[in-house]
Amino acid sequence: KLEEEGLEGVKLMWVNYPHMPTGASASKELFEKLIKFGKKHNILICNDNPYSFILNENYLSILSVEGAKDVALELNSLSKSHNMPGWRIGMVAGAKEYISAVVKIKSNMDSGMFRPMQLAAAKALSVDSDWYNSINKVYMQRRALAEKILDMTGCSYDKKQSGLFLWGRVSDKYSSGEELADKLLYEANIFITPGKVFGSNGEKYIRISLCSDTSKLNESIERVSKIL
């Protein structure tokens with residue numbers, strides 16, 4: 001479809017898997033198609049991958065595809081995987097010439113990260129799988145409660161979603177995700193994000209954050225039960 005619309009002047013394409021806001025995961029076959037697409041049209045493919053360790057058992061990098069380093073970069077961040085939002089600590093991986101170009105521009109935009117934060121990040125990266133498992137156990141508990149809210153509101157959703165959010169399609173009872181979000185906001189004092197804020201394709205969707213603790217999610221369930 002993009003080819004049909006014309007790619008003249010296009011030099012870079014952003015993708016993001018596991019995807020936000022839908023939680024969809026990529027397959028190796030999809031990454032292979034993206035790399036083939038990039039090579040065919042001389043487009044640099046940049047995959048943003050910050051949700052790779054959250055409720056996701058299929059760790060997959062676009063750089064694992066043969067020939068990917070010729071046309072792809074991958075980014076990740078400690079903000080999601082290691083609970084460090086706002087620290088602005090992340091990484092980019094790829095071929096030397098691409099990284100050199102990034103470093104050249106970045107060095108003219110800002111200076112070095114505060115060293116204690118770097119040391120804390122290095123320590124965080126040394127943790128073993130038990131830590132990730134303990135964090136994902138918490139997210140799984142929250143996810144179960146968020147799914148209950150979607151069930152109560154008549155939404156349909158993919159149980160294989162990854163990441164910190166749950167994406168659901170509203171039933172035909174509501175004209176849009178915004179209508180359901182407004183009902184929950186004004187009648188139950190619950191804020192849920194309408195999918196429309198992510199673009200027109202999100203019109204019939206809502207998104208629940210798993211950043212709220214279980215007590216707030218349980219309270220939300222009680223409030224929903226009183227109005228529906």
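This report walks through one long helix, one pair of strands and a few unusual backbone spots in a predicted model.

**Helix H6**

Let us start with helix H6, which covers residues 129–152. How far apart are its end C-alpha atoms? They are 34 Å apart, and this agrees with the 34 Å that its 24 residues should span at 1.5 Å a residue.

Which residues of H6 are buried? Tyr-132, Ile-135, Asn-136, Tyr-139, Arg-142, Arg-143, Leu-145, Ala-146, Glu-147, Ile-149 and Leu-150 make up that set. As you read those numbers, keep a helpful rule in mind: an α-helix has 3.6 residues a turn, so residues three or four places apart point the same way. The buried residues of H6 pack against two helices, H3 (78–81) and H8 (214–227), and against two strands, E5 (165–169) and E7 (205–209).

Both ends of H6 are worth a look. At its start, the backbone nitrogen of Asp-130 has a side-chain oxygen of Asp-128 within 3.1 Å. Just after the helix, Gly-154 takes a positive phi of about 80°.

**Strands E1 and E2**

Next, find strand E1 (residues 12–16) and strand E2 (residues 44–48), which run parallel and are joined by 5 bridges. Which residue of E2 stands opposite Val-15? Asn-47 does. Helix H2 (residues 28–41) belongs to this picture too: together with E1 and E2 it makes a right-handed β-α-β unit.

The loop between E1 and H2 holds Pro-18, and Pro-21 is found there as well. Each proline follows a cis peptide bond: the one from Tyr-17 to Pro-18 has omega near -5°, while the one from Met-20 to Pro-21 has omega near 20°.

**Positive phi in a loop**

Now move to the loop between H3 and strand E4 (90–94), where you will find Asn-83. Arg-88 lies in that loop too. Asn-83 has a positive phi although it is not a glycine, and Arg-88 likewise has a positive phi without being a glycine. The table sets out their values.

| Residue | Phi | Relative accessible area |
|---|---|---|
| Asn-83 | about 55° | 40% |
| Arg-88 | about 60° | 68% |

Are these residues buried or exposed? With a relative accessible area of 40%, Asn-83 is partly exposed, because it falls between the 20% and 50% cut-offs. Arg-88 counts as exposed, because its 68% is over 50%.

Technical notes. Residues numbered from 1 in each chain as written. Predicted model: local features only at pLDDT ≥ 70, side-chain atom pairs only at ≥ 80, totals over all residues. Heavy atoms only, no water. Helix = DSSP H or I, 4+ residues; strand = E, 2+ residues; numbered from the N terminus. Expected span 1.5 Å × (residues − 1). Buried < 20%, exposed > 50% of the residue type's maximum accessible area, 1.4 Å probe, protein only. Contact = heavy atoms within 4.5 Å. Polar contact = N/O pair within 3.5 Å; in protein donor to acceptor, adjacent residues only side chain to side chain. Pairing = 2+ DSSP bridges. Right-handed = clockwise from strand over helix to strand, strands pointing away.
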